[in-house]
Amino acid sequence: MELDSKLAILADAAKYDASCASSGAVRGNSLGGKGVGSTGGMGICHSYAPDGRCISLLKLLLTNLCIYDCHYCINRRSSNVRRAAFTADEVVKLTLDFYKRNYIEGLFLSSGIIRNADYTMEQVIAVARTLREVHDFRGYIHLKTIPEASPELIETAARYADRISINLELPTQKSLDLLAPEKSLVRTQQAMGRIRLKLDEASDRRRNGDKKVRHATGQSTQVIVGADDSTDADFLARSDELYGSYQMRRVYYSAFSPIPEPSRILPLKAPPLIREHRLYQADWLMRFYGFKTSEILSPTMPNLDLELDPKLAWALRNRQDFPVDIQTASREVLLRVPGLGVRNVDRIIQIRRYTRIRQADLLRLRVSLPKVQPFLKTADHNPASYLLDSDALRARFVPKPQQLELFASDEMR
Ligand code: SF4
């Protein structure tokens, strides 16, 4: 098969992996497509480097052949999809060609499992090793690893990559048993734990001045949302554990999208995209705003409110904590005010040292006044208590139905 045909098949097959893509990005179909450089087409995607830069990556599967039969995956062994496989040298050549033409700044490489986990990992490593050692490739490399592969191989992959990831796919073993029967939550977590230890060792060596250490600086994972009845509480509880115990850089939430020739146990429809967005917002609240999972969701409320962002929904459930005084409230309290993001809270704390903050100051900081007004006291505004007690307060924030999919909270941008 021609290299171009393989590229079309294997770039398209890789598009279902969200763990290097922006949330909500349009997933283009590169089959039959032309023109390198269109996001999502011919395997170019955007991701964020450890230093925060947005970079373009060549996103490929080494092969879409697979011995596993995960129901949600178009590449599962029972799927009737067209198959292809690159050799390691072909991926190296494509990466270098694209890199030299300035189309990409790195490679994101995943693979179906061929023969067995170790054999597949060896092929993936061969690509990274050749790029680094033979061609002195300094670009970004993100390698998807397989939890069933031997620890030594995963560690070798981490030495050539900037980022490595293992897809958890589903938040509980019960869900895996249903949709990905060959996968084990415990095995995946064990592999993540080993990666975390090696990441810690490498960062200790860097801190101690070892400039030669070559090792990935982080791990990430992906879960599929809406392929079974897992609740948002299931996802967030798992994410909380992953961030705390495995120092995960990112958990990517990928809304299940119906695939051609789907398994009969899958839902016919994709979940609303807004659910994926709300999970990212809730995840953000846990990582940067000091929220606990139990504050965002509970056994009696296991799913996020799709109409309101999770911080606003929390504030409306906890009106007794508001309004807060912008002049005296602690950083932690200000971070819980709907409409105030981390950057604005830090600016407010600076500014209030030498002035009494008025609404005009908030406007200059581009804070949405309608959103903060019920929750915040300023020098020239003291929200009337009837506003906070009003049943109509929620209705004031619920977007009109046609805007729901596009609605994004200011502080999460
Ligand atoms: S192991 Fe990966 S490629 Fe294979 S069927 Fe499962 S999700 Fe798809």
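Biologist: What makes you call helix H10 (residues 310-317) mostly covered?

Modeller: Six of its eight residues are buried, namely Pro310, Lys311, Leu312, Ala313, Trp314 and Ala315. Buried means that 20 or more other C-beta atoms lie within 10 Å of a residue's own, exposed means 12 or fewer, and partly exposed is in between, with C-beta atoms placed from the backbone. Mind you, this is a predicted model: local features need pLDDT of at least 70, side-chain atom pairs count only at pLDDT 80 or more, and totals for chains, interfaces and linings use all residues. Numbering starts from 1 along each chain as its sequence is written.

Biologist: And what do the buried residues of H10 pack against?

Modeller: Helix H8 (273-288), helix H9 (293-296) and helix H16 (392-397). Contact here means C-beta atoms, placed from the backbone, within 7 Å. Helices (H or I, at least four residues) and strands (E, at least two) are DSSP runs, numbered from the N terminus.

Biologist: Why does Gln247 count as partly exposed?

Modeller: Gln247 has 15 C-beta neighbours inside 10 Å, so it falls between the exposed and buried limits. Gln247 sits in the loop between H7 and E7, with a positive phi near 50 degrees despite not being a glycine.

Biologist: Arg366 has a positive phi too, about 65 degrees. Why does Arg366 count as exposed?

Modeller: Its tally is 10 C-beta neighbours inside 10 Å, so Arg366 meets the exposed cut-off. Look for Arg366 in the loop between helix H13 (359-364) and helix H14 (369-372).

Biologist: How do you know that strand E6 (residues 218-225) and E7 pair?

Modeller: Pairing takes at least two DSSP bridges between two strands, and E6 and E7 have seven, in the parallel sense. For instance, Gln219 has Met248 in E7 as its bridge partner. Seven of the eight residues of E7 (residues 248-255) are buried.

Biologist: What makes the unit of E6, helix H7 (residues 232-246) and E7 right-handed?

Modeller: With the strands pointing away from the viewer, a right-handed path from the first strand over the helix to the second runs clockwise, and this β-α-β unit is right-handed.

Biologist: How do you know how far to trust the model?

Modeller: Check pLDDT, the predictor's confidence in each residue, from 0 to 100. The chain's mean is 88, and 89% of its residues reach 70 or more. Residues 21-41 stay under 50, though, with 43 contacts beyond four places in sequence. Where pLDDT is low, predicted coordinates should not be read in detail.

Notes:
Contact = placed C-beta atoms within 7 Å.
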